[in-house]
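Thanks, everyone, for making time this morning. I would like to walk you through one model, so let me put it up on the screen before I say anything about it.

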Amino acid sequence: MSCGDPHETDCSEVLDHLYEFLDREMPDGECTKFEVHFEECSPCLEKYGLEQAVKKLVKRCCGSDEVPTDLRAKVMGRIDLIRAGYLVPEQDAVAPEAQTPQTPATQE
């Protein structure tokens, strides 16, 4: 993913090391580069916010910082479907298998 704008730190580098940033597993200088990038790049900031929210949700629900791979995949899949307009957030209480895909909303 790239926003298409030039940055001192490339979007792909930021996204490749996003979990290191979230988990505070990188040197302060690297963290500063990422923070500057997030100030300039809204797509990367949005991705960071989503990952941070998933991490907080898992910690609250599971009592751990570790996100089970299958849980993360399900949550991110649901977010992608909502963004694409196939699901509306109110359907969240219904099991994915029981949901019927909707056509994305068109702008008028």
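In which helix does S42 lie? What you are looking at is a predicted model, and in it S42 belongs to helix 4, which covers residues 42-62. The side of the fold we meet there is open, in that S42 is exposed, with a relative accessible area of 54%. If you follow the chain back to C3, you have gone 39 residues in sequence, yet the two C-alpha atoms are 8.1 Å apart in space.

Let me turn to the interior. The largest nonpolar core has 12 residues, including V14, L22, F38 and Y48, and at least two of its residues come from each of helix 1 (11-16), helix 2 (18-22), helix 3 (28-40) and helix 4. One member of this core is F34, which, leaving aside residues up to four places away in sequence, touches E13, V14, H17, L18, F21 and M26. Another core, apart from that one, is made of five residues, among them L50, V58, M76 and I79.

That leaves the cysteines, and the obvious thing to ask is how many disulfides there are. The count is zero, taking a cut-off of 2.5 Å between sulfur atoms. C11 is buried, at 1% relative accessible area, and its sulfur has its closest cysteine sulfur in C44, 3.8 Å away, which is too far for a bond. C41 is likewise in no disulfide, the nearest cysteine sulfur being that of C44 at 3.6 Å, and C41 is buried with a relative accessible area of 1%.

Notes. Residues are numbered from 1 along each chain as its sequence is written. This is a predicted model: local features need pLDDT of at least 70, side-chain atom pairs count only at pLDDT 80 or more; totals for chains, interfaces and linings use all residues. Side-chain values use heavy atoms; hydrogens and water are left out. Helices (H or I, at least four residues) and strands (E, at least two) are DSSP runs, numbered from the N terminus. Buried means under 20% relative accessible area, exposed over 50%, partly exposed in between (1.4 Å probe, protein chains only). A nonpolar core is a set of buried Ala, Val, Leu, Ile, Met, Phe, Trp, Tyr and Cys residues joined through side-chain atoms within 4.5 Å. Contact means heavy atoms within 4.5 Å.
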